[in-house]
Amino acid sequence: MNTSLSSNGTVAPDVSVKLGNISFKNPVLVASGTFGYGAEAKQWCDIEGLGGVVTKSVSWNPRMGNSPRRIVETASGMLNSIGLANVGVHTFVKEKLPYLAQFDTKIIANIAASSMEEYRDVLEHIEANAVENLAGYEINISCPNVKDGGLSFGTNVERTEELTTLLRAATDRLLIIKLTPNVTSVAPFAQACERAGADAISLINTLVGMSIDIYSREPRLNTVTGGLSGPAVKPIALAQVYQARKACSIPIVGIGGIVSAEDAVEFFIAGASMVQVGTANFVWPDAGVRVADGLTKFLKEQKIAQMSDLVNSLKIRAELKAAGW
Ligand SMILES: Cc1cc2nc3c(=O)[nH]c(=O)nc-3n(C[C@H](O)[C@H](O)[C@H](O)COP(=O)(O)O)c2cc1C
């Protein structure tokens, strides 16, 4: 435990966490696709106040993504169909990784691909050009906005396990598999990742959603459907984290609608060891740091000494547990 005495003599809570053999200064990351590579957010956000940055999904070749319109605001959330627009792995390792390397925070490189081989090649290329604070990889098998790849892995348990096994053999760094909520049950996917040696799973990615202009009767998104995120999805994300927690024993990174420290605390109680802040960054680019600071304040107020006292601490009455809830 790494508690320290603050100026007023009280013991400051320890918000640091360990995932695999990597220590994070706090359990709050910013989510892939909502923080770019840090350059735009830097003027409003103290990047070093974050536990880490998960970078935009990167593929082998650069991608333009889908044509507009690809963002629609919805009640308490947003729909996006960006379609994995990204600079490609060569520019990523030449420009984006070195840029992020200047900050004292961890980097998790998120990878998207349309074949097993592409996932492996992208990972190996990053591995060969790694910077010191590259903690590991988050593997996006859950993007609902592309026709090739993405969800075709994330909705098939065997392919999820096969891909995780392949990538596990390619790196000793953290391997986090990002799961989709667009399945009947997340449990078999969590278990497949654990069997194949993933260090952790992260969830949720966006939920398939739709919005219609009632006057033109056209879908508002150019791709008809897109991915829903933001506070609207938080209850779904929490339930999925809870279900995954019951199904596997590897750490969980909780994502979905987190705006405040209180939101994050719900995820920790449900069983997440770390969280990611996504859509909130579009409103407050420093949302992640606000959540991290608020978390320290919450632990202090509640006299909780360390994160492990909070994680997976949901209280369920014995009779409910016995009934399978
Ligand atoms: C505009 C936008 C782009 C996103 N791009 C990616 C991406 O490239 N890779 C990925 O794994 N997730 C991507 N996501 C999903 C987020 O990382 C996150 O899983 C999801 O939005 C739920 O969290 P939130 O409600 O806090 O936003 C994107 C989300 C948004 C809103």
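Trainee: Does α6 pass α7 in a right-handed or a left-handed crossing, and how is that to be read?

Mentor: A crossing is right-handed if the near helix is turned clockwise from the far one by less than a right angle, and left-handed if anticlockwise; here α6 passes α7 in a right-handed crossing. Bear in mind that this is a predicted model, in which local features need pLDDT of at least 70 and side-chain atom pairs count only at pLDDT 80 or more, while totals for chains, interfaces and linings use all residues. Residues are numbered from 1 along each chain as its sequence is written, and side-chain values use heavy atoms, with hydrogens and water left out.

Trainee: At what angle do the axes of α6 and α7 cross?

Mentor: Two packed helices are described by the angle between their axes and the distance between the axes. The axes of α6 (residues 234-247) and α7 (residues 261-270), helices being DSSP runs of H or I with at least four residues and strands runs of E with at least two, come within 9 Å and cross at roughly 20°; axes are lines fitted to C-alpha atoms over the stretch in contact, and angles run from 0 to 180 degrees between N-to-C directions. The pair α6 and α7 is therefore roughly parallel, a label for angles under 35 degrees. In contact (heavy atoms within 4.5 Å) are K234, A237, L238, V241, Y242 and R245 of α6 with D263, E266, F267 and A270 of α7. This contact has 6 nonpolar, no polar and 4 charged residues, where Asp, Glu, Lys and Arg count as charged, Ala, Val, Leu, Ile, Met, Phe, Trp, Tyr, Cys and Pro as nonpolar, and the others, Gly among them, as polar.

Trainee: Which residues of α4 meet α5?

Mentor: From α4 (residues 157-168) they are V157, T160, E161 and T164, which meet P188, F189, A192, C193 and R195 in α5, and the residues of that contact divide into 5 nonpolar, 2 polar and 2 charged. The axes of α4 and α5 (residues 187-195) are 8 Å apart at an angle of about 25°, and their crossing is right-handed.

Trainee: How far apart are the axes of α2 and α4?

Mentor: Helix α2 (residues 116-128) packs on α4 with the axes 10 Å apart and an angle of about 30°, so that α2 and α4 are roughly parallel to each other. M116, Y119, R120 and L123 in α2 meet R159, E162, L163, L166 and L167 in α4, a contact with 6 nonpolar, no polar and 3 charged residues.

Trainee: Where does the backbone have a cis peptide bond or a positive phi?

Mentor: Most residues other than glycine have a negative phi, and most peptide bonds are trans. In this model a cis peptide bond joins P68 and R69, with omega about 0°, and R69 lies in the loop between β6 (52-54) and β7 (71-74). Another cis peptide bond joins L203 and I204, with omega about 20°, and I204 is found in the loop between β12 (200-203) and β13 (207-210). L84, not a glycine, has a positive phi of about 60°, in the loop between β8 (77-80) and α1 (89-101).

Trainee: How many residues surround the ligand?

Mentor: There are 25, each with a heavy atom within 4 Å, and the closest are S32, S57, G230, G257 and T279. Polar contacts, pairs of N or O atoms within 3.5 Å, include one of 2.8 Å between a side-chain N or O atom of K178 and an oxygen atom of the ligand. I204, already met at the cis bond, places a backbone N or O atom 3.0 Å from an oxygen atom of the ligand, while for a backbone N or O atom of G278 the distance to a ligand oxygen atom is 3.1 Å.

Key
Angles under 35 degrees count as roughly parallel, over 145 as roughly antiparallel, 65 to 115 as roughly perpendicular and the rest as oblique. A polar contact is a pair of N or O atoms within 3.5 Å; within protein, one must be able to donate a hydrogen and the other to accept it, and residues adjacent in sequence count only if both atoms are side-chain atoms.
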